[in-house]
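Trainee: Could you walk me through one part of this structure in close detail? I would like to see how a small piece of sheet and a metal site fit into the same picture.

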Amino acid sequence: MQVNPLSDVCGAEVVGFDCGGAIDDATFAAVRQAFSDHSVLIFRDQQLTPEQHLAFSKRWGDLNGHILTQYLLPDYPELLAVSNKKNDAGEPLGIEDAGRYWHTDVSYEAVPPMGSLLYGLEVPAEGGDTMFASQYRAYEKLPNDLKERASSLKARHRFNYTQIQASKGSTRKPLTDEQQKQLVGAVHPVVRTHPETGRKALYVNPGFTESLIDVAEDESRTLLDTLFGYATDPAVIYRHSWQVRDLVFWDNRCLMHHATPYPADSIRHMHRTTVAGSVPV
Ligand code: OGA
Ligand code: MN
């Protein structure tokens, strides 16, 4: 197994490693160390059945389902389809426009996931990259006064699905009343400490962070926009260009990510698992 860093902010490719094989404890510990060091690991050239994708994901913790149950695989409810493939009725098999904005997965829940493992079964020849932004680096780059202020604040997160669904070209299905009821949102610290590395990371994102708690609306907007500026500074970004059968494992506790568009006549078909996390502190 070889771990090759892909940028100096985050991201490393792991080659010569089979996520679907038997992995002894010492090897797994080395992968865990690489994940701590690089925040996003790209396992190249994986031949994984859904069972193998699930089994490797479960080495990292319990798996979460997803509020958008209509996009979970019927036979594998812990696999979420991110796909523009259509069924016979012309309906997309998965979320076609997943994450086309900066976000961390599911930050709108009280206990957001630690990580996500996205497997590229079919990838377009061009486009459809995923960008990752190190929120350790974003935090480190804040001026001292802003670091202090941010560290004292909490923010409200919410999944504004209706707005995403209404955006141009979205093929997303509406939520049921039951799903709508579950979207209560969550409040999290603006700066969190990573439970494994002990490093501090900015934990607000343009996708789901609505407002700062106990800060007037105008100031909340201005301050969030300032923080988002640091959070998405090109200097903290690694851009991943997919190869078919990449398995990409990212850390939601210290990264944001952003999907980019691809030509409508190409297929992008992926499966995602989501590993449970802990309450951000
Ligand atoms: C996701 C997501 C990004 C992409 O699956 O959580 O944001 O590039 N996907 O598909
Ligand atoms: Mn995402």
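Mentor: Happy to; here is a look at one sheet and then at the metal site that shares a strand with it. Keep in mind that this is a predicted model.

Let's begin with the sheet. It is an open one of three strands, arranged in the order β13-β7-β15 with antiparallel pairing. The edges are taken by β13 (237-240) and β15 (255-259), and each has a single partner strand, so one side of each is left without a neighbour in the sheet. On average, neighbouring strands here are turned by 20° against each other, direction ignored. As general background, strands of a sheet pair through backbone hydrogen bonds, either parallel or antiparallel. For β7 (residues 130-134) and β13, which run antiparallel, the connection is made by four bridges. Within that strand pair, M131 sits opposite R239 of β13.

Now follow β15 to the metal. The manganese ion (ligand 2) has H103 (NE2), D105 (OD) and H257 (NE2) as its protein donors, at 2.1 to 2.2 Å. Along the chain, these donors follow the spacing H-x1-D-x151-H. D105 and H257 thus link distant parts of the chain, 152 residues apart: D105 belongs to the loop between β5 (76-83) and β6 (115-122), while H257 lies in strand β15.

How accessible are these two donors? D105 has a relative accessibility of 4%, and because buried means under 20%, D105 counts as buried. H257 is buried as well, with a relative accessible area of 5%. So the edge strand β15 is also the strand that carries the manganese donor H257.

Notes: Residues numbered from 1 in each chain as written. Chains lettered and ligands numbered in written order. Predicted model: local features only at pLDDT ≥ 70, side-chain atom pairs only at ≥ 80, totals over all residues. Heavy atoms only, no water. Pairing = 2+ DSSP bridges. Helix = DSSP H or I, 4+ residues; strand = E, 2+ residues; numbered from the N terminus. Axes fitted to C-alpha atoms, helices over the stretch in contact; angles between N-to-C directions. Donors = N, O, S within 2.8 Å, 3.2 Å for Na, K, Ca; no water. Buried < 20%, exposed > 50% of the residue type's maximum accessible area, 1.4 Å probe, protein only.
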